[in-house]
Amino acid sequence: MGGWLDILTRGIYSITNGYTPVAMDLGMGDPGNGTPVTGWQKHALSDAGCLCQLWYLKPYNGEADTFTIQNLRGGTYLDLSNGSRDNGTRIMGFQRTGENQVWIIRQVPGTMFYKIQNRHSQTFVDLKDGLDANGTEIRGWQGDWPDIYYSRNQLWSFQRLSQTGREINTIINANRYLENRLSLNTPDKIYWVVDHGLLKSIWYNANLGRGWQYHYVKDKFDFNDLALAFKSEMAKWRNDNVRAEEFGILCGVVFTAPGQQGQNENAYNFVLGNNGRGVYFFEPETGRFSENIGYDATLAFL
């Protein structure tokens, strides 16, 4: 995860033009039908503005390389207006309707780039003139699968930002503190791996931790309460900001036993690294990430 892929599968992706440094963006994440999809400077994944540029790919009817593409923020689908074959037909966000929202995505041989073809019109997703100005139109345009020299505007990169339950199980069971403490019974469920910077921003706005309203108080609001409260805040944030459905947000809770040197019981949240590799523990009392908590988990859950 976090790199450029050969095979696209169901999951959450950032989509950027292969030759121009802009991302595929649903204007302001507006859920209204007809909201234009344009090229826009890529937001950092630590910035909530990135939601307008994140897309959920869902395989369509078991057909090879064929997907619907849903914006996380707006919840609407990548749509070729009226499914028209005309060059310059606008691409927009629209509630789920029909064939004009079905896309074939294939890697261009010999490259790390992909082309996105509307299955109905057989035209390709095209960044107008390859411009890098914010708001550059993304439209449908004729093209050919193998051509990379005269259709650079139609080349796109996909960065995966999610993991399946099966992949998460493998990563967690390789961690010395969580080994055999958690087994997800939903191996095919998709979990969005939120960037650490964005996660910390959500924590900051939740008013949790030392120096804030909801902080550790022995026998009143302990570390267990803090970890559970932060998991709840993550779920609330997702509900308030992400209209797309059918996937979870990765934020687990782990409880630890007292240490051999007198450490008290503790609790943390856990996530994966920004590259989707390795487990990181988050302490909601301090807002710190760590790969080493020093003692074994007694219980963990997502």
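Is Glu 245 buried or exposed? In this predicted model, Glu 245 is exposed, because its relative accessibility is 56% and the cut-off for exposed is over 50%. The residue is found in the loop between helix H3 (223-241) and strand S15 (248-249). Leaving aside residues up to four places away in sequence, Glu 245 touches Tyr 56, Gln 70 and Arg 238. Glu 245 and Leu 72 are 173 residues apart in sequence. In space, their C-alpha atoms are 8.1 Å apart.

Glu 246 shares that setting, in the loop between H3 and S15. Its relative accessible area is 46%, so Glu 246 counts as partly exposed. Its backbone has a positive phi of about 75°, although the residue is not a glycine. Most residues other than glycine have a negative phi. Asp 219 also has a positive phi, of about 65°, and is not a glycine. This residue is found in the loop between H2 and H3. Asp 219 is exposed, with a relative accessible area of 75%.

The protein chain is divided into two parts, domain 1 (11-160) and domain 2 (162-301). Their C-alpha centres lie 33 Å apart. The contact between them takes 19 residues from domain 1 and 17 residues from domain 2.

The largest nonpolar core holds 32 residues. Leu 72, Trp 192, Phe 230 and Phe 247 touch the most other members. Strand S4 (54-59), S14, H2, H3, strand S16 (252-256) and S17 each supply at least two residues of this core. H3 gives the most, with six residues. At least three residues of this core come from each of domain 1 and domain 2. Apart from it lies another core, of 23 residues. Among its members are Leu 8, Tyr 13, Ile 105 and Ile 116.

Phe 230 shows what the larger core's contacts look like in detail. Not counting residues up to four places away in sequence, Phe 230 touches Leu 199, Ile 202, Trp 203, Leu 208, Cys 251, Asn 269, Phe 282 and Pro 284. Three of these names, Leu 199, Ile 202 and Trp 203, are also among the buried residues of helix H2 (residues 196-205).The full set of buried residues in H2 is His 196, Leu 198, Leu 199, Ile 202 and Trp 203. Seen down the axis of H2, these buried residues fall within an arc of 165°, so they line one face of the helix. An α-helix has 3.6 residues a turn, so residues three or four places apart point the same way. The buried residues of H2 pack against strand S14 (190-192), H3, strand S17 (266-272), strand S18 (279-283) and strand S19 (288-290). At the start of H2, a side-chain oxygen of Asp 195 reaches to within 2.7 Å of the backbone nitrogen of Gly 197. Just after H2, Asn 207 takes a positive phi of about 65°.

Helix H1 (residues 165-173) has its own buried residues: Gly 165, Ile 168, Asn 169, Ile 171 and Ile 172. The buried residues of H1 pack against strand S13 (162-164), S14, S17 and S18.

Thr 136 is found in strand S11 (residues 136-141). Its relative accessibility is 6%, so Thr 136 counts as buried. Beyond its neighbours within four places in sequence, Thr 136 is in contact with Thr 38, Gly 39, Leu 127, Lys 128 and Leu 131.

A search of the whole structure finds zero disulfides. Why does Cys 50 form no bond with Cys 52? The sulfur of Cys 50 is 8.4 Å from the sulfur of Cys 52, its closest cysteine sulfur, and that is too far for a bond. A disulfide needs the two sulfur atoms within 2.5 Å. Cys 50 is buried, with a relative accessible area of 1%. For Cys 251, the closest cysteine sulfur is that of Cys 50. The distance is 16 Å, again too far for a bond. Cys 251 counts as buried, at 1% relative accessibility. Cys 251 is also one of the residues that Phe 230 touches.

Terms used:
Residues numbered from 1 in each chain as written. Predicted model: local features only at pLDDT ≥ 70, side-chain atom pairs only at ≥ 80, totals over all residues. Heavy atoms only, no water. Buried < 20%, exposed > 50% of the residue type's maximum accessible area, 1.4 Å probe, protein only. Helix = DSSP H or I, 4+ residues; strand = E, 2+ residues; numbered from the N terminus. Contact = heavy atoms within 4.5 Å. Arc of directions from axis to C-beta. Polar contact = N/O pair within 3.5 Å; in protein donor to acceptor, adjacent residues only side chain to side chain. Core = buried A, V, L, I, M, F, W, Y, C linked by side-chain atoms within 4.5 Å. Domains from an automatic or database assignment.
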